[in-house]
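Please follow the arrangement of the chains before turning to the secondary structure elements within one of them.

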There are 2 protein chains.
Amino acid sequence: MSYEKSLEILKSHLNPYEKIEKIALTQCLGRILAQEIKAPKNHPEFKTSAMDGYALKFEDQSKALTLLGSTPAGTMPQFCIKEAQCVKTFTGSLMSEGSDTLVPVENVEIKGNQICVKEAVKKGFAVREIGENYKEGEILLKKGTKLDYSEIALLAELGFFHISVFIKPVVGILSSGNEIKDLGETLENPAQIRSSNHIALANLAQKLVCKSVVFPLLKDDEKQSKKALENALESCDILITTGGVSMGDFDFLKKAVREYAIIIDKVDIKPGRHIKIASFKNKFIVALPGFPYSAMVMFNLYVREILNFWLLQKKDYICQAFLCDSYMKKTPYLEFVACNIYFENGRILANLKGKKDGSSAIINNLNHKSALMMVPKECTSLKDGDLVDIIFMP
Amino acid sequence: MSYEKSLEILKSHLNPYEKIEKIALTQCLGRILAQEIKAPKNHPEFKTSAMDGYALKFEDQSKALTLLGSTPAGTMPQFCIKEAQCVKTFTGSLMSEGSDTLVPVENVEIKGNQICVKEAVKKGFAVREIGENYKEGEILLKKGTKLDYSEIALLAELGFFHISVFIKPVVGILSSGNEIKDLGETLENPAQIRSSNHIALANLAQKLVCKSVVFPLLKDDEKQSKKALENALESCDILITTGGVSMGDFDFLKKAVREYAIIIDKVDIKPGRHIKIASFKNKFIVALPGFPYSAMVMFNLYVREILNFWLLQKKDYICQAFLCDSYMKKTPYLEFVACNIYFENGRILANLKGKKDGSSAIINNLNHKSALMMVPKECTSLKDGDLVDIIFMP
């Protein structure tokens with residue numbers, strides 16, 4: 001099955017995710033908005049001063065002006081400005097009726113109760129117009145917006161205190177393998193390794209605004225695998241398994257996953273060719289390889305695709321870069337190759353320095369500033385200067 | 001004072017930040033490592049199989065091979081391979097002594113207790129060499145590394161459970177202004193506005209791995225300002241104030257800040273020209289303008305600079321982009337202009353679409369995918385196609 005076909009099948013099994021909760025604005029950094037936000041009124045609602053100065057009529061700048069008083073910020077203007085009059089007005093204060101221009105304090109000379117403009121400004125200077133920031137009824141934030149500091153500031157300004165966001169989808173992680181030991185456990189022999197997949201996948205899920213649940217490590221046992229899968233699935237929206245899906249005699253997890261409705265079984269890609277995805281009551285089981293690098297890449301290709309759909313996220317993490325290395329393709333499959341990305345003179349560059357082929361350790365391949373280079377099925381090699389498709393990791 | 005000079009002065013007042021805590025590996029996503037991590041041994045420690053197959057001597061592939069047994073993953077190899085012998089070996093299993101090559105299961109034919117290789121592989125195929133991922137004593141993570149999923153996976157693999165990270169610097173936010181009301185408060189008249197600065201700055205600080213403390217909103221009162229500043233400073237490493245620093249009669253915060261050792265007072269930049277920074281016992285007071293856009297930009301230029309030094313972060317958020325618009329400079333200062341960034345055909349492009357000049361709302365200017373374009377002091381205009389310096393926001 002081709003990668004494109006596998007995505008098509010996956011998408012055909014996706015249903016909208018409608019789990020919504022209301023949380024305090026002070027707690028919603030990075031969460032996904034589940035409501036649309038419209039401007040309830042113009043902003044600013046009235047003409048407002050953008051500087052400290054004197055509100056007056058534009059055509060009066062050459063006259064001696066009588067100072068009527070002041071409008072401190074936060075108070076309503078008390079005066080109506082007529083010919084040759086002005087009102088001291090502060091940054092953020094409303095402009096007085098009859099005024100159309102603000103002359104900054106630096107531009108005037110004060111003589112008792114009168115001021116003279118030493119340096120004239122253009123009409124409307126330092127006056128923030130009604131609706132300058134946004135107009136009544138304007139859609140300010142769409143459903144699916146990731147709430148960053150600027151969106152949160154807007155919601156505060158609008159007076160929101162509670163916001164509807166998507167409940168974090170629960171991503172469960174079930175790692176398997178007799179050779180795997182958990183954090184804090186003693187290795188009994190040099191053939192055993194410490195599990196790193198479960199914690200890496202848990203953190204990846206958290207970065208994609210999910211709650212992660214790490215289930216106890218699973219031994220290679222047929223009966224246990226089946227039961228563990230069944231139990232784990234109850235507690236999550238997406239269950240990720242790692243290991244036990246390739247060609248080994250001890251790959252019992254593969255059998256357990258096959259008891260569910262398999263929608264994807266092996267895809268012509270490298271790494272992760274043995275991936276299996278099953279769908280069950282709007283939940284998904286995604287069976288990933290045990291090699292950490294492969295597991296991370298597959299998470300990015302498939303689990304992220306499900307989350308994009310559920311949380312209304314755009315697939316905006318794909319772009320193009322200029323390759324600064326040559327690359328010989330090793331398989332007849334579509335390959336996802338770890339690369340370094342850097343920005344230089346307005347260009348996005350990719351190289352393969354320090355990237356280890358087929359390595360099980362993800363640190364060199366997927367550290368900060370890494371991405372995946374997509375090498376098409378029909379391509380046999382890439383050369384220096386080629387424009388390649390790259391996928392940023394979360 | 002020029003921007004360059006102001007940074008130079010700021011840097012001359014910076015001392016190393018040495019607050020370190022030990023936290024569980026499961027809690028350290030996004031935290032900054034405060035120790036160096038070296039590889040305690042080679043990884044893999046022994047030759048390991050990268051696939052499911054048969055371990056054998058390379059030169060024996062044309063012979064009928066006797067199957068001695070198997071080495072399940074996680075167990076020590078039991079056999080020493082001699083001429084025309086092989087051992088079934090699984091993904092992640094150690095290679096048996098005497099073997100140098102792994103032939104995948106797909107490549108062999110099994111006849112009772114013997115196997116025949118149908119398709120030969122090259123020497124060393126699917127064998128992960130000792131130290132392939134990293135060698136004993138190699139520096140794997142430097143102090144100051146931001147812990148992402150791949151670094152966390154590595155630490156798990158190495159057997160770390162507790163990690164030394166920098167304690168999050170405490171960034172306090174003290175917003176001032178009579179016109180400002182807090183979240184949930186009722187606006188008494190249309191001249192009042194709801195504070196958005198404090199929550200935006202708190203979230204920005206959190207994104208830069210700080211703990212934020214939001215102090216009660218401050219009214220424009222000289223005595224209160226002084227006391228509030230004094231109290232707030234006790235609870236934080238960096239105290240940010242907003243508002244009350246320009247030319248207004250009610251800018252009491254300016255006076256209060258001036259009681260400390262001012263190191264920076266006004267810089268030739270736009271926005272944020274009135275910025276003031278005071279230093280006090282290795283703490284900093286950063287007095288920002290009240291306009292949200294200006295405050296966010298100034299935070300990025302100065303507070304981030306302090307945090308970079310303290311938390312050993314590189315200033316890697318500056319690069320160049322091709323401008324796809326023209327821009328007329330409005331002031332004689334170095335300008336930081338909000339722009340949109342997008343990637344196209346391997347190029348980084350910037351445009352000014354939807355960006356509002358001098359706007360107080362930050363939503364249009366600093367939403368997702370925005371950055372700041374630096375327009376040099378001596379520059380008067382920029383044209384379509386110009387290469388410009390841009391700064392990514394956190």
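Copies are superposed by least squares on the C-alpha atoms of residues with pLDDT of at least 70 in both. The model is a predicted one, in which local features need pLDDT of at least 70 and side-chain atom pairs count only at pLDDT 80 or more, while totals for chains, interfaces and linings use all residues. Residues are numbered from 1 along each chain as its sequence is written, chains are lettered from A and ligands numbered from 1 in the order in which they are written, and side-chain values use heavy atoms, with hydrogens and water left out.

A turn of 180° with a shift of 0.0 Å along the axis lays chain A on chain B with an RMSD of 0.1 Å, which is the relation of a two-fold axis. The residue of chain A that comes closest to this rotation axis is A:Arg347, whose C-alpha is at 2.2 Å. Both copies use the same surface, since 100% of the contact residues of chain A (contact meaning heavy atoms within 4.5 Å) recur in chain B.

Within chain B, helices (H or I, at least four residues) and strands (E, at least two) are DSSP runs, numbered from the N terminus. Helix α1 of chain B, residues 3-12, has B:Tyr3, B:Ser6, B:Leu7, B:Ile9 and B:Leu10 buried (under 20% relative accessible area, with exposed over 50% and partly exposed in between, for a 1.4 Å probe and protein chains only). Seen down the axis of α1(B), these buried residues fall within an arc of 160°, taken from the directions from the helix axis to the C-beta atoms, so they line one face of the helix. The face turned away from the buried side of α1(B) carries the exposed residues B:Glu4, B:Glu8 and B:Ser12.
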